[in-house]
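Please open the model in your viewer and keep the selection panel at hand. The stops below are meant to be taken in order.

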Amino acid sequence: MSIWRVQGGYPLDGSLTIQGAKNAVLPVLAAAILTGSEVELTNVPRLRDVEASLNILRHLGCAVGRQDDVVRVDSRSMTGCAIGRVLTGQMRSSVIFLGAILARCGQARIAMPGGCELGPRPIDLHLAAVKALGAKVDIEEGEIVCRADGLIGGTIDLALPSVGATENAMIAACGAKGATVITGAAREPEIVELQGFLRALGADITGAGTDTIAVRGFATVRRVGWRVMPDRIAAATMLCACACAGGDVELRGVDPEHVRSVSDVLGRMGADIHTGSRRVRIKCTGRLKSGGKVVTEPYPGFPTDAQPLLMAASLKADGVTVFEENIFSDRYRQGREMVRMGAKIEIAGRRAVVTGVERLTGATLTAEDLRGGASLIIAGLGAGGETAVYDSGHVARGYEGLDRALSTLGAHIEFTE
Ligand code: EPZ
């Protein structure tokens, strides 16, 4: 169990370069095994989920090396096509390897991913996607077993714009004979990033960022270099941290378009937002107003991952903020912890109503998921006294040194394993 100790009452000030994106690098690491080529990734963040993915690649027989922010994957030596419970237990989203292993090996065996702190995490859309390409799918003793004597291109209609299922469909389609069309696709920036990487690998793929993606074939290339895009949710975290603590913060490297839905709400709350190419600056002086209604939706709507973060920024805002969480069924756990700081939050199903209070008091809290844990830490920035967040490793899954990042901006925060 680790502890984040935050002394509240210190405004943030300064500039910060945003880390590489967790939700972009994970599918790229899976796709790296597609062609048996050598891949060199830069700007790879140091995260527990990345380490778990590198362990999976080594387990499959790939040669994997890491030096600072550079990761090399050589999948020519890949021999395995199975990922067992121990590895899927380390990272729920290991299902993202399904399409790549199936495309490379013609078969795949992956232990069913556990549920997670956000509610049930079904994978029916992932399985329907590979079935549409001719794969036979069985569940045997808690494992997904896929077999395909060669995938055949076809049409994949996604009933929901699932990010992971869209990524698995794109990657599997690269290993299929003939053309594939994916409809109902997710439109997140991480999908566009994956398309860019697949094109660098030699795939003929277009349409990412819209709801229809076409994959027409693959010409293997040897070596590929790729720089991971900045993490828009890490950026949203810092914007909301400044809203909690007050101050003046500039984020570098981030595409303002990717955080637009979050910065728009913060602007509505009275924060001063300035954007330039690959930078966003936020200034918060005095008490913010409430953001009104905040509804989470697939991109380009308000991202579910930023909902706990904006909730933290709303706790002391003047007025009532109504959250509607439409993506995950159990994503308000942080709210029950924030109440211990003196916050006023009523949670009923998909809705959470936050009534702003004048002050919060530091408390001892428990992180129950990645973004919820981060939201408790940034809420502590705006509370009187010390907030101690007990964390069984959730935050390190998605943030590279959140304590160091906040300290460089003047926060008084201490992290102990
Ligand atoms: C990705 O998860 C992200 N993770 C999540 O970020 C993010 O919250 C989510 O997309 C939504 O944006 C990664 O990219 C590694 P989904 P994913 O499939 O792909 C339902 C974080 O904090 N669904 O888009 O698992 C599902 O239940 C994490 O960084 C099905 O019904 O999310 C959910 O209600 C948390 N069947 C909705 O779709 C399926 O087969 C969206 O899930 C798949 C999903």
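The tour goes from the domains to the ligand, and then to a helix and three single residues.

This is a predicted model, in which local features need pLDDT of at least 70 and side-chain atom pairs count only at pLDDT 80 or more, while totals for chains, interfaces and linings use all residues. Residues are numbered from 1 along each chain as its sequence is written, and side-chain values use heavy atoms, with hydrogens and water left out.

**Stop 1: the two domains**

Colour 2-19 + 230-416 as domain 1 and 22-227 as domain 2; the bounds come from an automatic or database domain assignment. Their centres, taken over C-alpha atoms, are 30 Å apart. The contact between them takes 25 residues from domain 1 and 18 residues from domain 2, where contact means heavy atoms within 4.5 Å.

**Stop 2: the ligand and its shell**

Where does the ligand lie with respect to domain 1 and domain 2? Both domains give residues to the shell around the ligand, so the ligand lies between them. Select the 22 residues that surround the ligand; Asp 124, Leu 125, Ser 162, Asp 305 and Ile 327 are the closest. A residue is counted here if one of its heavy atoms lies within 4 Å of the ligand.

By type, the shell has 10 nonpolar, five polar and seven charged residues. In this grouping Ala, Val, Leu, Ile, Met, Phe, Trp, Tyr, Cys and Pro are nonpolar, Asp, Glu, Lys and Arg are charged, and the others, Gly among them, are polar.

Now show the helices. At least two shell residues come from each of α1 (22-31), α5 (124-131), α6 (163-174) and α12 (370-381), and α5 gives the largest share, three residues. Helices (H or I, at least four residues) and strands (E, at least two) are DSSP runs, numbered from the N terminus.

**Stop 3: polar contacts of the ligand**

A polar contact with the ligand is a pair of N or O atoms within 3.5 Å. Display three side chains:

- Lys 22: an N or O atom of its side chain is 3.0 Å from an oxygen atom of the ligand.
- Asp 124: a polar side-chain atom is 2.7 Å from a nitrogen atom of the ligand.
- Asp 305: an N or O atom of its side chain is 2.5 Å from an oxygen atom of the ligand.

The ligand taken alone exposes 820 Å², and the protein buries 85% of that. Accessible areas come from the Shrake-Rupley method with a 1.4 Å probe.

**Stop 4: helix α4**

Select residues 98-105, which form α4. Six of the eight residues are buried, so α4 is largely enclosed by the rest of the structure. Buried means under 20% relative accessible area, exposed over 50%, and partly exposed in between (1.4 Å probe, protein chains only). Among the buried ones are Leu 98, Ile 101 and Leu 102. Gly 106 follows α4 and has a positive phi, near 80°.

**Stop 5: three single residues**

Go to Asn 43, in the loop between β3 (38-42) and α2 (48-59). Its relative accessibility is 15%, so Asn 43 counts as buried. A polar atom of the Asn 43 side chain lies 2.8 Å from the backbone oxygen of Val 228.

Next select Gln 195 in helix α7 (residues 189-200). Gln 195 counts as buried, at 11% relative accessibility. Beyond its neighbours within four places in sequence, Gln 195 has contacts including Met 170, Ile 205 and Ile 213.

Finish at Glu 117, in the loop between β7 (107-111) and α5. Glu 117 is partly exposed, at 22% relative accessible area. Arg 333 is 216 residues away along the chain, yet the two C-alpha atoms are separated by 8.6 Å.

Methods:
A polar contact is a pair of N or O atoms within 3.5 Å; within protein, one must be able to donate a hydrogen and the other to accept it, and residues adjacent in sequence count only if both atoms are side-chain atoms.
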